[in-house]
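Reader: I have a model open and want to talk through its packing, its pockets and any odd backbone. Can we take it a piece at a time?

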Amino acid sequence: MKTLLSLTSSSGDAPPPNIPHFAPPVLQHGDLCISQLPNILLYLGPKLGLVPANDENAIYRINQLALTALDGLSNEAHDTHHPIAVGDYYEDQKDAAIKRGKDYTRNRLPKFLGYFENVLRQNKESEYLYGKQLSYADLVLFQGLDGVSFAFPNAVRKLREGGEYKEVWGLYERVRGLERVKAYLGSERRLGYSNGVWRHYEELDED
C-alpha cells in the first residue's frame with residue numbers, strides 16, 4: 001500500500017521512461033509501470049490470450065467494446081450517486097442523485113444493454129462479444145453487469161424478466177460459470193461491494 005500511495009501521490013516520482021500516475025490501479029511488469037484500467041487491459045489482453053492472435057485489428061475492436069462497457073456500466077453508474085461533485089457526500093447531492101438514478105435505470109442502462117445485445121447477435125462466430133473466443137471485453141462487461149445488479153437490483157431484475165436482453169444475460173451467466181472466474185468469485189481476492197463505484201441506495205433504484 002505504501003508503494004502504491006507513493007506512485008500515485010501528486011509529487012510521486014517515476015523512474016524514466018515511466019511517468020507519474022494519477023490514481024490506482026497501477027500495473028508494474030518488469031521495467032514498465034502503467035496506470036488507467038483501459039490501458040492496463042490493452043497491455044495485458046494479448047499477453048493473457050484475451051485477444052485473438054491472428055487478427056491484427058482485434059485489439060482495437062475489443063478495446064472499443066471494453067471502453068463502452070466501462071462508460072455505461074461503471075462511469076455512468078458511479079455518477080448516479082455523485083452527479084454534481086465527486087468530493088461531496090452523497091447526502092449533499094441526494095436530490096440530484098435520485099433524478100440521475102431514475103434516468104440511468106430507465107434510459108441509459110437499457111440503451112447500453114441494447115447495444116451489447118446487438119453486438120452479441122451480430123457475432124455469428126461465437127457466443128462472445130467478438131470473434132471466436134472469450135476476450136477481456138467479455139470480462140469487463142461481466143463485471144459491469146455484476147456491479148449494476150448490486151447497485152440497482154430491482155431495475156436489473158425487471159430488465160432481465162422483460163426478456164429483451166437474453167444474449168447479454170446469457171453472456172453474464174457463461175462468464176460467471178467459467179472455472180477460473182468461479183474460483184476468483186469464491187476467493188478472498190474478490191472484495192465485496194461497499195462505497196466504491198457501485199453503491200446501493202434504495203431511493204436510486206426502481207420500486
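What follows is a short chat about this predicted model.

Reader: At what angle do helix 3 and helix 5 pack?

Author: Helix 3 (residues 58–81) and helix 5 (residues 136–151) pack at about 10 degrees, and their axes are 8 Å apart. Angles under 35 degrees count as roughly parallel, so that is what this pair is.

Reader: Which residues make the contact?

Author: From helix 3, the list includes Ile-59, Ile-62, Leu-65, Leu-70 and Leu-73. Helix 5 contributes Tyr-136, Val-140, Leu-141 and Val-148, among others. By class, the contact has 14 nonpolar residues, two polar and no charged.

Reader: And helix 4 with helix 7, what angle there?

Author: About 80 degrees, with the axes 7 Å apart, for helix 4 (residues 94–122) and helix 7 (residues 166–176). The two helices are therefore roughly perpendicular.

Reader: Who is in that contact?

Author: Leu-113, Phe-116, Glu-117, Leu-120 and Arg-121 come from helix 4, while helix 7 brings Lys-166, Glu-167, Val-168 and Leu-171. Five of these residues are nonpolar, none polar and four charged.

Reader: Switching to pockets. What volume does the largest one have?

Author: The largest pocket comes to about 1700 Å³. It is lined by 42 residues, and the closest to its centre are Leu-37, Leu-41, Leu-139, Gln-143 and Tyr-184.

Reader: Which helices supply the lining?

Author: Helix 2 (37–47), helix 3, helix 5 and helix 8 (179–185) each give at least two residues. The lining as a whole divides into 28 nonpolar, 10 polar and four charged residues.

Reader: How many aromatic pairs are there?

Author: Seven turn up in a search of the whole structure. In one of them, the ring centres of Tyr-90 and Tyr-201 are 3.8 Å apart with planes at 10 degrees, so that pair is stacked.

Reader: Where do those two tyrosines sit in the chain?

Author: Tyr-90 is in the loop between helix 3 and helix 4, and Tyr-201 is in the segment after helix 8. They are 111 residues apart, so the pair links distant parts of the chain.

Reader: Now the backbone. Which residues does a cis peptide bond join?

Author: Pro-24 and Pro-25, with omega about 0 degrees. Pro-25 lies in the loop between helix 1 (2–8) and strand 1 (26–29). Most peptide bonds are trans.

Reader: Which residue has a positive phi although it is not a glycine?

Author: Gln-36, at about 75 degrees. Gln-36 is in the loop between strand 2 (32–35) and helix 2.

Methods:
Residues are numbered from 1 along each chain as its sequence is written. This is a predicted model: local features need pLDDT of at least 70, side-chain atom pairs count only at pLDDT 80 or more; totals for chains, interfaces and linings use all residues. Side-chain values use heavy atoms; hydrogens and water are left out. Axes are lines fitted to C-alpha atoms, for helices over the stretch in contact, and angles run from 0 to 180 degrees between N-to-C directions. Helices (H or I, at least four residues) and strands (E, at least two) are DSSP runs, numbered from the N terminus. Angles under 35 degrees count as roughly parallel, over 145 as roughly antiparallel, 65 to 115 as roughly perpendicular and the rest as oblique. Contact means heavy atoms within 4.5 Å. Ala, Val, Leu, Ile, Met, Phe, Trp, Tyr, Cys and Pro count as nonpolar, Asp, Glu, Lys and Arg as charged, and the others, Gly among them, as polar. On a 1 Å grid over the protein atoms alone, a cavity is a set of points where a 1.4 Å probe fits but cannot get out, and a pocket is an open set with protein on both sides within 12 Å along at least five of seven lines; lining residues have an atom within 4 Å of a point. Grid points are joined across faces, edges and corners, and a volume is the space filled by probe spheres set on the points. Rings of Phe, Tyr and Trp (its six-membered ring) pair if their centres lie within 6.5 Å; planes under 30 degrees apart count as stacked, over 60 as edge-to-face and the rest as tilted.
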